[in-house]
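Colleague: Could you take me through this model and tell me how each label is earned? I would like to see the reasoning behind the words.

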Amino acid sequence: MKTKLIAAVLTGLFSSTSFAQDLSISLTNLSHGNHFTPVLVAAHATQQHMYQLGEAASSSLQAMAEGGDISYLSTDFQALAADLVSNPAAGLMAPGQTVQFEMTTRHDNNRLSIVAMILPTNDGFVGVDSLSIPKKRGRYEYFLNGYDAGTEVNDEIINGAGAPGAPGIPADPLGANGSNASGAAQSENNQGVHVHRGVLGDTDVNGGISDLDSRVHRWINPVARLIIEVK
Amino acid sequence: MRYLTIVALLVSLAACNDRDEMKEYSITITNLTHNQPFSPVAGVLHAAGFKAWQTGEVASDALEKLAEGGDASGLLAMQQDSPQYHAAAPLFAGETMTFQLMADSDEQDRLTLATMLINTNDAFSGINAMELDVMGHGHTQVVYGYALDAGTEANTELAGSIPGPADGGEGYNPERNDVTSKVTNHGGVVSQQDGHMDSVLSESHRFDGPVMRVEIKRL
């Protein structure tokens, strides 16, 4: 009788969609010449998204992608009762850097979204949207691509601008950039969130079409490795 | 009673076989690039604890020698008591090669492969301490190697700085002058046609995504 009771309780626990999960997460910047701005991690409900490929970016995503500001997305997802980890690396993530952190998800928060701006880009970001969090204990590895928010022309001009809608790139944390570029692009052909086509760059530090260095700032996908350990 | 003894003996023999059997692997590598020959490929079966490189960490001198000059002998020397293979010749674009490695002990259950993309400053590829102990007899796995940057030499693409046939320039140089001094993924080469007018590389030397296909079969 006692055994039966325990079995029933266990079944109840595991069939419920609302039990907590303990996760250990690590994120690595695989790129050679790009930093990630502060990372935002959210565990949220199935139907929620931080972005969707082919759809227009929210203004909150735009603020993250153009200037690295995760405060708006953070507020949005707090309102959705998400579990949040904000800025786990306490600042920028350098090329090759790994950040490792723990999080506990609750209720129906069975999807994981992660974003961070790729710097220096106009509106490029690394991300994963609404990934189904594995339920079985184990170690799961994913590779993340660079995306373009579609909200800003990729002019590749470094002018300190990071506010939504302001053209230009805030800075290159590596300091490998040039200046006085004329602009690598004039229009944003795809204004939805899409796979970033990469940066062009040039080798002219005092002009040319881009303030980025083609030998330093280009990347090949994937740009990040994500490991989720389900405990 | 006698029957039981025989059964017991058989069981113990079977267990013995399972424990002592030699694990042998056939490893087939294909160069997936358009015009990036691989330096002579190095392979080693080793125990846990050895990593020829780690993303985000500074490259060892042995890795620098491989990534800048295509010489894997230093990496192999770090595992000199483990079964290893060092190819006699480069593996050119589109070519496939196969070799075998047999483990000396059950602890040698990880595979590391390494090679340089020789028409670059310091790009390399390989397989990093992949666990093979899950593989049964006849089991085959296919994995892909991506291009990595050793972070030991700036990607100048200048004449005299690249050891492969595109240039015939310098290989290993102990000076470290890369803007990122850690092992990371490689961002690709620019080439002259894509705007780097001083590059000794042509568009044919560009690469993207996986550069190496590896098929591992347990024999």
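Colleague: How do the residues lining the largest pocket divide by class?

Modeller: In this predicted model, the lining divides into 17 nonpolar, 14 polar and eight charged residues. Glycine is put with the polar class here. The pocket holds about 1,200 Å³ of space.

Colleague: Which residues lie nearest the centre of that pocket?

Modeller: Out of 39 lining residues, those nearest the centre are Glu141(A), Phe143(A), Arg225(A), Lys51(B) and Asn128(B). The elements giving two or more residues to this lining are strand 1 (21-29), strand 8 (138-144) and strand 11 (224-230) of chain A, together with strand 6 (123-131) and strand 7 of chain B. Strand 6 of chain B gives the largest share, with seven residues.

Colleague: And what lines the second largest pocket?

Modeller: That one has 16 lining residues, and Arg197(A), Trp219(A), Ile220(A), Gly187(B) and Asp208(B) lie nearest its centre. Its space comes to about 400 Å³. By class, the lining has six nonpolar, five polar and five charged residues.

Colleague: Let's turn to enclosed space. How do you know where empty space is left?

Modeller: Rolling a probe the size of a water molecule over the atoms shows it. For a cavity, the probe must fit but be unable to get out. Searching the whole structure with a lower limit of 30 Å³ turns up six cavities. In the largest there is about 60 Å³ of space.

Colleague: What makes up the lining of the largest cavity?

Modeller: Its lining consists of Ala42(B), Gly43(B), Val44(B), Phe50(B), Ala52(B), Leu75(B), Leu76(B), Thr112(B), Leu113(B) and Ala114(B). Strand 2 (42-46), helix 3 (73-77) and strand 5 (110-116) of chain B are the elements that give two or more residues to this lining. Eight of the residues are nonpolar, two are polar and none is charged.

Colleague: Now the salt bridges. Why is the contact between Arg218(A) and Asp194(B) called one?

Modeller: The closest N and O atoms are 2.8 Å apart, and the cut-off is 4 Å between a side-chain nitrogen of Lys or Arg and a carboxyl oxygen of Asp or Glu, so the label applies. Arg218(A) sits in the loop between strand 10 (194-195) and strand 11 of chain A, and Asp194(B) in the loop between strand 9 (184-185) and strand 10 (210-218) of chain B, so this pair joins two chains.

Colleague: Are the two partners, Arg218(A) and Asp194(B), buried or partly exposed?

Modeller: Arg218(A) has a relative accessible area of 12%. Buried means under 20%, so Arg218(A) is buried. Asp194(B), at 31%, is partly exposed, because that class lies between 20% and 50%.

Colleague: What makes Glu131(B) and Arg110(B) a salt bridge?

Modeller: Their closest N and O atoms are 3.7 Å apart, which is within the 4 Å limit, so the pair counts. Glu131(B) belongs to strand 6 and Arg110(B) to strand 5 of chain B, so the bridge ties together parts that are 21 residues apart in sequence. Glu131(B) is partly exposed at 45% relative accessibility, while Arg110(B) is buried at 19%.

Colleague: How do you know that Arg206(B) and Glu203(B) pass the same test?

Modeller: Their N to O distance is 3.2 Å, and the limit is 4 Å, so they qualify. Arg206(B) is partly exposed at 39%, and Glu203(B) is partly exposed at 37%. Asp61(B), Glu64(B) and Arg176(B) are linked in a network of salt bridges. Over all chains, the count comes to 10 salt bridges.

Colleague: Why is Tyr144(B) called partly exposed?

Modeller: Its relative accessibility is 42%, and the class runs from 20% to 50%, so the term fits. Tyr144(B) lies in strand 7 (residues 140-146) of chain B. With Leu32(B), Val142(B) and Tyr146(B), Tyr144(B) forms a nonpolar surface patch of about 340 Å² accessible area together.

Colleague: Finally, how many helices and strands does each chain have?

Modeller: Chain A has three helices and 11 strands, and chain B has three helices and 10 strands. Of the 231 residues of chain A, 52% count as buried; for the 219 residues of chain B, the share is 49%.

Terms used: Residues numbered from 1 in each chain as written. Chains lettered and ligands numbered in written order. Predicted model: local features only at pLDDT ≥ 70, side-chain atom pairs only at ≥ 80, totals over all residues. Heavy atoms only, no water. Patch = residues over 30% accessible without salt bridge, like charges linked within 9 Å, V, L, I, M, F, W, Y side chains within 5 Å. Areas by Shrake-Rupley, 256 points an atom, 1.4 Å probe, with all protein chains shown as cover. Helix = DSSP H or I, 4+ residues; strand = E, 2+ residues; numbered from the N terminus. Buried < 20%, exposed > 50% of the residue type's maximum accessible area, 1.4 Å probe, protein only. 1 Å grid on protein atoms, 1.4 Å probe; cavity = no way out; pocket = protein on both sides within 12 Å on 5 of 7 lines; lining within 4 Å. Points joined across faces, edges and corners; volume = space filled by probe spheres on them.
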